[in-house]
Amino acid sequence: MGSESVKVSTTQSGGRLTFHIAGELDHHGAGALMGRIEERIEALTPRDCVLDMRELTFMDSSGIAVIMRAYRRMNALGGRLFVENVQSQPLRVLDASGIDRMVNISTST
Amino acid sequence: MKEQNCVKIEFPSRSVNEGFARAAAAAFASQLDMTLTELGDLKTAVSEAVTNCIVHAYPDRLGPITMKLRILEPDTIEVQIKDRGRGIEDVERAREPLFTTGGEERSGMGFTIMESFTDTVKVRSRVGSGTTVTMRKKVSRRAATR
Ligand SMILES: Nc1ncnc2c1ncn2[C@@H]1O[C@H](COP(=O)(O)OP(=O)(O)OP(=O)(O)O)[C@@H](O)[C@H]1O
Ligand SMILES: [Mg+2]
């Protein structure tokens with residue numbers, strides 16, 4: 001099932017750090033993803049952080065914890081977090097969790 | 001409700017099996033004519049229940065998880081996920097939104113998601129002997145095969 005695991009790459013422009021998250025995000029891949037996101041945020045201290053979920057086809061509550069942790073890290077830096085290009089299944093999970101009251105979520109750009 | 005078909009799968013509590021369990025549930029459910037949204041909801045609910053076994057039931061060892069899937073006449077799918085792990089002390093409290101014993105790695109939303117993505121969620125648990133979660137979901141279209 002390794003092929004189904006979550007993948008991440010990053011791009012940076014100006015003070016904006018973007019994580020492109022692809023595949024399926026569950027507990028199996030969440031720990032490594034969280035580590036990678038925290039490490040990059042600590043190293044680059046961006047003003048804005050974007051989680052680009054265009055290629056993310058599945059997410060469960062493990063993804064909510066990842067977003068919340070990224071949100072707290074950005075908050076501690078006085079920066080902002082955006083979750084962008086959310087597809088339909090992940091959006092249903094985000095809606096059920098009520099996380100949109102704290103974090104900026106958009107479905108497409 | 002009358003049972004039309006049934007499958008039972010057992011696997012160890014390795015996190016790599018989360019994806020397997022979702023895919024297996026979706027493959028079995030394909031004999032019902034579900035919408036993509038319904039299929040996504042089913043996969044999400046399975047993912048939550050199986051992850052709970054891996055993370056909470058067996059926190060420091062591998063143990064067996066069984067997933068039983070049933071198609072019930074006329075158009076209902078039932079998923080039962082069972083572990084023989086540590087059990088839940090207070091089920092009512094565990095089901096509350098945001099309640100977690102898992103710290104920063106968890107959000108405490110698993111049961112809430114299972115409840116909102118299926119029609120009924122039944123939890124049976126005994127401390128020291130394990131937990132069984134049974135979920136039923138009615139699908140909007142008629143059963144295509146029998
Ligand atoms: N199979 C299980 N065995 C033992 N304890 C469980 C089991 N399932 C759930 N629990 C307990 O119930 C609590 C709530 O579960 P729930 O799935 O709602 O949230 P979580 O797993 O803590 O976080 P999330 O699902 O958002 O990652 C857990 O923190 C755990 O204490
Ligand atoms: Mg959970």
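The questions and answers below work through some features of this predicted model of a protein with chains A and B.

Q: Why is A:Asp48 called buried?
A: Buried means under 20% relative accessible area, and because A:Asp48 has a relative accessibility of 5%, it counts as buried.

Q: What makes the pair A:Arg80 and A:Asp48 a salt bridge?
A: A salt bridge needs a side-chain nitrogen of Lys or Arg within 4 Å of a carboxyl oxygen of Asp or Glu. The closest N and O atoms of A:Arg80 and A:Asp48 are 3.1 Å apart, so the pair meets that rule. A:Arg80 lies in strand S4 (residues 80-84) of chain A and A:Asp48 in strand S3 (residues 48-59) of chain A, so this salt bridge ties together parts that are 32 residues apart in sequence. A:Asp48 also forms a salt bridge with A:Arg47, where the closest N and O atoms are 3.2 Å apart.

Q: Why is A:Arg80 called partly exposed?
A: Partly exposed is the class between the limits of 20% and 50% relative accessible area, and A:Arg80, at 46% relative accessibility, therefore counts as partly exposed.

Q: How do you know that the salt bridge between A:Arg72 and B:Glu104 joins two chains?
A: The closest N and O atoms of A:Arg72 and B:Glu104 are 2.8 Å apart, which is within the 4 Å that the rule allows. A:Arg72 lies in helix H2 (residues 61-76) of chain A, whereas B:Glu104 lies in the loop between H3 and helix H4 (110-117) of chain B, so the pair joins two chains. Salt bridges that share partners join A:Glu38, A:Glu42, A:Arg69, A:Arg72, A:Arg73, B:Glu104 and B:Glu105 into one network. Over all chains, the count comes to 21 salt bridges.

Q: What makes the contact between A:Ser97 and A:Ile99 a polar contact?
A: A polar contact is a pair of N or O atoms within 3.5 Å, one able to donate a hydrogen and the other to accept it. The side chain of A:Ser97 reaches the backbone nitrogen of A:Ile99 at 3.2 Å, so the distance falls within that limit. A:Ser97 lies in helix H3 (residues 88-97) of chain A, and because its relative accessibility is 11%, A:Ser97 counts as buried.

Q: Why can B:Lys68 belong to a positive surface patch?
A: Patch residues need over 30% relative accessible area and no salt bridge, and like charges are joined within 9 Å. B:Lys68 has a relative accessibility of 31%, so its area passes that limit. This residue lies in strand S2 (residues 64-72) of chain B, and the patch is formed by B:Lys8, B:Lys68, B:Lys82, B:Arg84, B:Lys122 and B:Arg124.

Q: What makes the patch around B:Asp90 negative?
A: Asp and Glu count as negative, and the patch gathers B:Glu89, B:Asp90, B:Glu92 and B:Glu96 on the surface. B:Asp90 lies in the loop between strand S3 (76-83) and helix H3 (91-94) of chain B, and at 40% relative accessibility it counts as partly exposed.

Q: Why is B:Leu98 called exposed?
A: Exposed means over 50% relative accessible area, and B:Leu98, at 60% relative accessibility, therefore counts as exposed. B:Leu98 is found in the loop between H3 and H4 of chain B, and its phi is near 75°, a positive value in a residue other than glycine.

Technical notes
Residues are numbered from 1 along each chain as its sequence is written. Chains are lettered from A and ligands numbered from 1 in the order in which they are written. This is a predicted model: local features need pLDDT of at least 70, side-chain atom pairs count only at pLDDT 80 or more; totals for chains, interfaces and linings use all residues. Side-chain values use heavy atoms; hydrogens and water are left out. Patches are made of residues with over 30% relative accessible area and no salt bridge: like charges are joined within 9 Å, nonpolar side chains (Val, Leu, Ile, Met, Phe, Trp, Tyr) within 5 Å. Accessible areas come from the Shrake-Rupley method with a 1.4 Å probe; for residues, only the protein chains shown count as cover. The place of a charge is taken as NZ of Lys, CZ of Arg, CG of Asp or CD of Glu. Helices (H or I, at least four residues) and strands (E, at least two) are DSSP runs, numbered from the N terminus. Buried means under 20% relative accessible area, exposed over 50%, partly exposed in between (1.4 Å probe, protein chains only).
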